[in-house]
Amino acid sequence: MTDMQNSVATTLEINGQSYVFHPGETVLNVAQRNGIDIPTLCHDPRLEPAGACRTCLVEIEGARRLMPSCATPASAGAKVTSENARIDRHRKTLLGLYLTDHPDAKKSKERRTTNQLLEMAESCSAPTHWPNLTNLRPSRPGDRNPYIDFDAEACILCARCTRYCDEVESVSAITLAGRAAETTISTADGRSLLDTSCELCGGCIDTCPTGAMAEKRPITRGEKHEEELTKVRTTCNFCGVGCQLDLNVDPDGNDGTGKVIKVTSPEPGTTSNDGNLCVKGRFAYDFIHHTDRLTYPLVRDENGQLQRATWEEALKRTAEGLLGVKEAHGADALAFVSSSRCTIEENYLVQKISRAAIGTNNVHQCAAT
Ligand code: SF4
Ligand code: SF4
Ligand code: FES
């Protein structure tokens with residue numbers, strides 16, 4: 001193949017500029033990789049394209065209709081336009097139609113999470129004065145699961161939640177159900193998620209662009225909106241995988257010391273967990289401010305009763321105890337057991353204490369068995 005044929009086979013044009021693409025990429029992939037902004041709602045880089053929302057339409061020379069860039073494979077020599085009056089008119093009309101049976105900004109705020117549809121409609125100056133239609137999509141108000149709330153009125157049927165549940169979780173607990181204006185997201189027989197194969201991973205909440213799937217507790221507890229919370233990146237401590245998560249903290253909560261309102265996952269593609277979390281990482285955060293939580297060291301007094309101590313006192317007592325056993329019975333009388341729930345650095349330090357500080361190879365970690 002000549003150089004010219006090779007370059008024709010691997011480039012397309014977007015807005016008059018030539019870009020190289022890789023096999024399997026869509027027009028949207030090429031645009032995003034090159035910093036060209038194309039609005040999307042049903043796109044999630046973890047999922048197969050669905051072409052459901054039609055916000056990412058572009059013009060492709062020779063094509064009669066506007067094409068969904070998220071679902072159109074990049075093809076050699078294609079000439080793509082991502083912005084012009086026709087696309088703008090289409091997008092405004094589309095978003096205006098979505099708004100006719102969608103909650104307004106005030107109602108949407110009750111979901112405590114951002115609504116990308118409303119943000120996009122505002123930035124595109126979509127019409128907001130068209131008559132309202134009654135939403136016919138049924139919700140599941142009786143679902144007694146403790147974490148996930150579904151508001152069908154805010155649902156735009158982009159199917160990100162169902163595709164996530166199928167393609168990432170391989171669980172298929174939720175599905176598109178019903179016909180026409182009554183189409184909604186449902187479970188088998190409309191059961192509670194607790195009575196389905198749902199693993200309560202919360203990935204459907206994370207991927208939902210409008211807050212139709214949202215976390216229950218911030219809503220029922222009347223917490224602040226996500227926009228008023230501060231995100232603090234940390235490593236999940238429930239297992240040794242090391243998923244990154246964002247604590248959403250209300251700085252004024254907990255008497256001004258800060259209160260974790262919820263946990264969200266970082267953007268897909270930015271950390272090793274790729275935007276995914278398990279039920280514990282995403283929802284088991286109430287222990288943080290639980291009154292039973294041990295937040296300082298305890299040591300036993302002469303009567304065997306646990307008393308509050310400083311870290312210096314506690315570490316000193318620990319060292320004295322370990323060295324006392326070593327002196328009386330030898331280093332191999334001691335053994336150290338670590339946990340796969342610790343980080344690799346913590347596990348390294350346990351074996352370092354065992355071997356270097358005490359002098360025994362009696363060190364084990366639960367994942368080694
Ligand atoms: S929580 Fe996870 S498993 Fe359950 S419906 Fe949502 S995506 Fe599916
Ligand atoms: S609940 Fe959210 S993610 Fe699921 S289809 Fe509706 S808008 Fe899309
Ligand atoms: S993002 Fe392309 S159709 Fe929804």
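Me: What makes E1 and strand E5 (residues 79–81) a pair?
Reply: Two strands pair if DSSP finds at least two bridges between them. E1 and E5 are joined by 2 bridges and run parallel, so the requirement is met. At one position, Ile14 stands opposite Val80 in E5. This is a predicted model, in which local features need pLDDT of at least 70 and side-chain atom pairs count only at pLDDT 80 or more, whereas totals for chains, interfaces and linings use all residues. Residues are numbered from 1 along each chain as its sequence is written, while chains are lettered from A and ligands numbered from 1 in the order in which they are written.

Me: How do you know that strand E1 (residues 11–14) and strand E2 (residues 17–20) pair, and in which sense?
Reply: Strands are DSSP runs of type E with at least two residues, and helices are runs of H or I with at least four, both numbered from the N terminus. E1 and E2 share 4 bridges in the antiparallel sense, with Thr11 opposite Val20 in E2. They form a hairpin with 2 residues between them, and Asn15 in the turn has a positive phi of about 50°.

Me: Why are E2 and strand E4 (67–68) said to stand at the edges?
Reply: The open sheet has 5 strands in the order E2-E1-E5-E3-E4, with mixed pairing. E2 and E4 each have a single partner strand, so one side of each lacks a neighbour in the sheet.

Me: What makes E11 a partner of both E10 and E12?
Reply: Strand E10 (residues 230–235) and strand E11 (residues 244–250) are antiparallel over 6 bridges, and Thr234 has Leu245 of E11 as its bridge partner. E11 is also antiparallel to strand E12 (residues 259–264), over 5 bridges; there, Asp246 is matched with Thr264 of E12.

Me: Why is H6 called mostly covered?
Reply: A residue is buried if 20 or more other C-beta atoms lie within 10 Å of its own, exposed if 12 or fewer, and partly exposed in between, with C-beta atoms placed from the backbone. In H6, 6 of 8 residues are buried, namely Arg160, Cys161, Thr162, Arg163, Tyr164 and Cys165. Their cover includes strand E7 (175–177), strand E8 (184–186), H7 and strand E9 (213–215). Over the protein chain, 29% of the 369 residues count as buried.

Me: How do you know which residues surround ligand 1?
Reply: A residue is near a molecule if its C-beta atom, placed from the backbone, lies within 6 Å of it. Around ligand 1 there are 15 residues, the closest being Cys165, Ala173, Cys198, Cys201 and Cys204. Helix H6 (160–167) and helix H7 (203–207) each give two or more residues to this shell.

Me: Which residues come nearest to ligand 2?
Reply: Among the 13 residues around ligand 2, the nearest are Cys155, Cys158, Cys161, Cys208 and Ala212.

Me: How do you know how the radius of gyration of the protein chain compares with that of a compact globule?
Reply: The radius is taken over C-alpha atoms, and the globule rule is 2.2 Å times the number of residues to the power 0.38. For 369 residues a compact globule would have a value near 21 Å, but the protein chain has 27 Å. The C-alpha trace spans about 90 × 60 × 40 Å along its principal axes.

Definitions and conventions. Two residues are in contact if their C-beta atoms, placed from the backbone, lie within 7 Å.
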